[in-house]
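Visitor: Please take a close look at one part of this model, the helices and the side chains that join them, and describe it in a single connected account.

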Amino acid sequence: MSNVTVEATTMLPILKKKLAFLSGGKDRRSGLILTIPLSSDQTSMEELSATLDYLLSIPSEKCKARGFTVIVDGRKSQWNIVKTVVLMLQNVIPAEVSLVCVVKPDEFWDKKVTHFCFWKEKDRLGFEVILVSANKLTRYIEPCQLTDDFGGSLDYDHNDWLNKRLVFEKFTKESTSLLDELSIINDSDKNSAVDKEKSADCALLPSFDPETVLQTGHELLSELQQRRFNGSEGGGGGQGGPAWCPMEEELLAQPQVMKLLDSLREQYTRYQELCRQRNKRTQLDEIHAKVMQVVTWLQGPGSELLKTQQAIGDSMRAAQALQQKHEEIESQHSEWFAVYVELNQQIAALLSAGEEEEVVELKALQQQLSDVCYQQAAQLEGRQNVLQAAQGFHSTTQELSQLLDGLLGMLCADVAPADGASIQQNLKLLEEKLQTVEAGLASLRQKGALLMEQMCTQPSWPLEETETPPGEQQDNVQHIQAVMEEMQLRKQRCEDMVDVRRLKMLQMVQLFKCEEDALQAVEWLGELLDALLKTHVRLGDDSQETRTMLDKHRKFVDVAQSTYDYGRQLLQATVVLCQSLRCTTRSSGDTLPRLNRVWKQFSVSAEERQQRLELALNFHTAAERVLQQECVDPDSLDEVDSSGKTLLDRLTMPVIFPDGTEQFFGSPSDTAAAAEGVRERLLLVEERRLQLQEMRLHNDDDEEEEVRMGQEARLDVIGEELSEKEDQDEEEEEEAGQQHEDLERATQDC
């Protein structure tokens with residue numbers, strides 16, 4: 001950081017006007033962004049020039065070498081003023097300017113004039129000037145490097161920056177003056193033979209108190225290290241936004257403050273050594289006074305600070321605040337411990353050359369100082385261990401709480417997965433989250449036990465009439481136990497909900513499985529129907545083969561029936577699961593109609609197939625019977641012929657489904673092959689018929705001769721019968737006449 005030739009106090013009224021400022025943002029070349037917010041009021045060019053001179057004296061030469069990007073905010077100003085400012089930059093910082101972005105207002109100036117002016121003076125200016133609206137400024141500069149005036153996210157508090165700047169310059173001025181005085185005093189003593197008491201009383205009194213300056217420097221350094229210099233206390237990092245840290249690297253004053261503090265401590269140490277060398281007795285008195293000062297502070301304010309810090313906080317933020325407070329206490333102790341180390345070294349040096357009385361006194365002082373410092377260091381270490389354990393406990397509590405919240409959110413969300421695989425994935429994720437929660441709870445118990453152990457093993461305060469009341473420590477223990485019990489209860493509630501969700505997910509897996517299996521049953525039934533219509537065409541070459549095919553067909557139908565029943569059962573199970581899950585939006589959809597439609601088509605096709613096989617069986621049985629018998633009734637032949645034709649006609653008919661659609665068995669060639677077998681059997685039957693007809697014609701000639709001879713024999717028989725008939729008639733007439741006579745005789749007798 002370059003030396004500031006002009007102090008902020010001399011031009012404080014001008015700097016308060018915020019005519020220009022370095023926000024801390026950088027362009028894409030890592031160059032600093034200089035902002036000149038022009039207002040509607042008339043801007044004093046002399047004040048603006050003085051402000052720019054002051055601001056440009058802050059960065060280092062290395063930082064300046066990267067160039068500046070100047071943002072001239074002309075939205076509230078006139079074009080003539082903007083032009084004057086741009087031309088003024090040529091005289092103030094021509095070499096350092098890389099780019100000038102003039103932010104134009106919504107109602108733009110005369111485009112012809114502005115364009116002509118900038119184009120005309122571009123070469124003479126030595127840097128590029130662009131006109132850009134505020135919302136398009138991000139084309140050249142990242143939004144995180146722009147303030148909110150230009151739509152960026154970079155925070156900037158001009159008053160806070162100015163206050164910190166004043167503090168820094170005040171410290172720099174005082175520390176530099178003090179360093180010069182101490183350097184003169186220390187250097188002049190080497191070649192000086194002035195009276196010791198005079199030197200001690202007059203020459204060794206600097207203008208500023210070194211302790212005060214050092215304390216101021218430490219406070220300023222602490223602020224710089226916490227990024228409060230050149231930035232606001234709220235930052236942006238504390239609100240979730242990007243941390244605002246202007247002037248980082250080249251602009252941070254921390255290195256210069258540290259250098260001044262180091263130099264100041266070095267010169268001050270030499271100054272103290274010089275004072276001790278002036279007068280040994282005075283040195284011993286000073287040592288004694290400082291020892292007592294250290295002991296008094298450690299046993300007094302230092303111990304009181306530690307005694308008041310017994311809490312462990314109820315959250316991570318509270319624990320961090322306690323840690324920060326403890327670090328401040330440690331920082332205060334570190335200064336006294338540094339004095340202790342310095343005093344111890346001085347006492348050791350004096351012991352080697354001191355007299356017996358001085359040695360006894362110095363050893364007593366040394367022992368007293370060492371005892372108090374070690375005891376206080378042990379208390380600091382014990383408190384630090386407790387705070388670290390508390391932060392670990394609260395951090396684990398916070399992480400476990402977030403895990404439980406995430407698990408609870410997952411459990412409270414509705415489960416609407418697309419398929420069983422996603423349910424399995426969700427179930428696996430749920431189990432993993434539950435295992436993570438269990439591991440987090442185990443870690444919380446472990447860290448809680450460690451924290452209580454650290455609290456119990458803290459070193460006690462020596463030389464106290466009464467011990468510190470354990471009420472706060474007991475409250476801490478109760479708080480730790482309450483937190484662990486609360487986490488255990490939350491975890492148990494989540495486990496119960498996980499059990500319910502697990503059961504629901506398993507039921508949903510079963511639901512999806514039933515739906516998938518039901519669809520598979522429909523596909524299987526469709527495949528069976530397809531196989532029935534395409535491949536089940538043959539009717540067998542004889543009755544035995546046909547009977548075998550008929551048995552196989554019945555088994556085939558039984559398989560289809562089982563498949564259909566299985567699909568129905570799955571769909572019924574789906575309905576039950578939906579009712580159990582209260583899943584009113586899900587149903588079997590078109591699966592049941594599809595299953596019933598395919599089953600009806602299969603039933604019609606199977607019935608037709610069975611009838612054809614039965615016709616074929618009857619046909620082959622009758623045909624085989626007439627072909628094997630020697631004497632065949634013509635009616636049997638006609639019956640076989642009729643059944644064969646009926647079967648052939650049946651083969652040409654399609655299967656008519658319930659919805660009116662038609663489907664043929666197999667391909668035309670398969671049907672023709674089946675019909676060919678029937679026709680061949682019919683041809684054999686027809687040949688049998690012809691054979692029987694020939695045999696019948698041959699037998700007819702023999703029958704005619706037999707008939708003729710039979711007729712002659714029959715005529716003879718008939719003649720004989722007629723003769724016998726005539727004789728019998730005569731005998732009957734004679735008997736009738738005799739009976740008539742007997743009747744008349746009997747009548748007469750009466």
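Guide: A residue is called buried when its relative accessible area is under 20%, exposed when it is over 50%, and partly exposed in between (1.4 Å probe, protein chains only). The model is predicted, so local features need pLDDT of at least 70 and side-chain atom pairs count only at pLDDT 80 or more, while totals for chains, interfaces and linings use all residues. Residues are numbered from 1 along each chain as its sequence is written, and side-chain values use heavy atoms, with hydrogens and water left out.

The protein chain holds 18 helices and seven strands; these are DSSP runs numbered from the N terminus (helices H or I, at least four residues; strands E, at least two). Of its 750 residues, 40% are buried.

Helix H14 is a suitable place to begin. This helix spans residues 471-535, and its Arg490 is paired with Asp405 of helix H12 (residues 356-412), 85 residues away in the chain. The two form a salt bridge with closest N and O atoms 2.7 Å apart, the term meaning a side-chain nitrogen of Lys or Arg within 4 Å of a carboxyl oxygen of Asp or Glu. Arg490 is buried at 17% relative accessibility, whereas Asp405 is partly exposed at 43%.

Also in H14, Lys513 and Asp517 are four residues apart and therefore separated by about one helical turn. They too form a salt bridge, with 3.6 Å between the closest N and O atoms. Here the lysine, Lys513, is partly exposed at 45%, and Asp517 is buried at 16%. Elsewhere, Arg538, Asp541 and Glu545 are joined into one network by salt bridges that share partners. The whole structure contains 21 salt bridges.

The nonpolar side chains give a second view of H14. The largest nonpolar core has 54 residues, and Leu525, Phe602 and Val640 have the most contacts inside it; such a core is a set of buried Ala, Val, Leu, Ile, Met, Phe, Trp, Tyr and Cys residues joined through side-chain atoms within 4.5 Å. At least two core residues come from each of H13 (420-456), H14, H15 (543-581), H16 (591-628), H17 (634-651) and H18 (668-749). H14 provides the largest share, 13 residues. Phe602, neighbours within four places in sequence aside, is in contact with Leu528, Leu529, Leu532, Phe556, Val557 and Ala560, where contact means heavy atoms within 4.5 Å. A separate core of 38 residues includes Leu22, Cys63, Val72 and Val129.

Two of the contributing helices, H16 and H17, pack with their axes 9 Å apart at an angle of about 155°. Axes are lines fitted to C-alpha atoms, for helices over the stretch in contact, and angles run from 0 to 180 degrees between N-to-C directions. The pair is therefore roughly antiparallel, a label for angles over 145 degrees (under 35 is roughly parallel, 65 to 115 roughly perpendicular, the rest oblique). Residues of H16 that meet H17 include Glu608, Arg612, Leu615 and Phe619, and their counterparts in H17 include Leu637, Val640, Gly644 and Leu647.

Across the protein chain, residues 24 or more positions apart account for 83% of the contacts with a separation of 6 or more.
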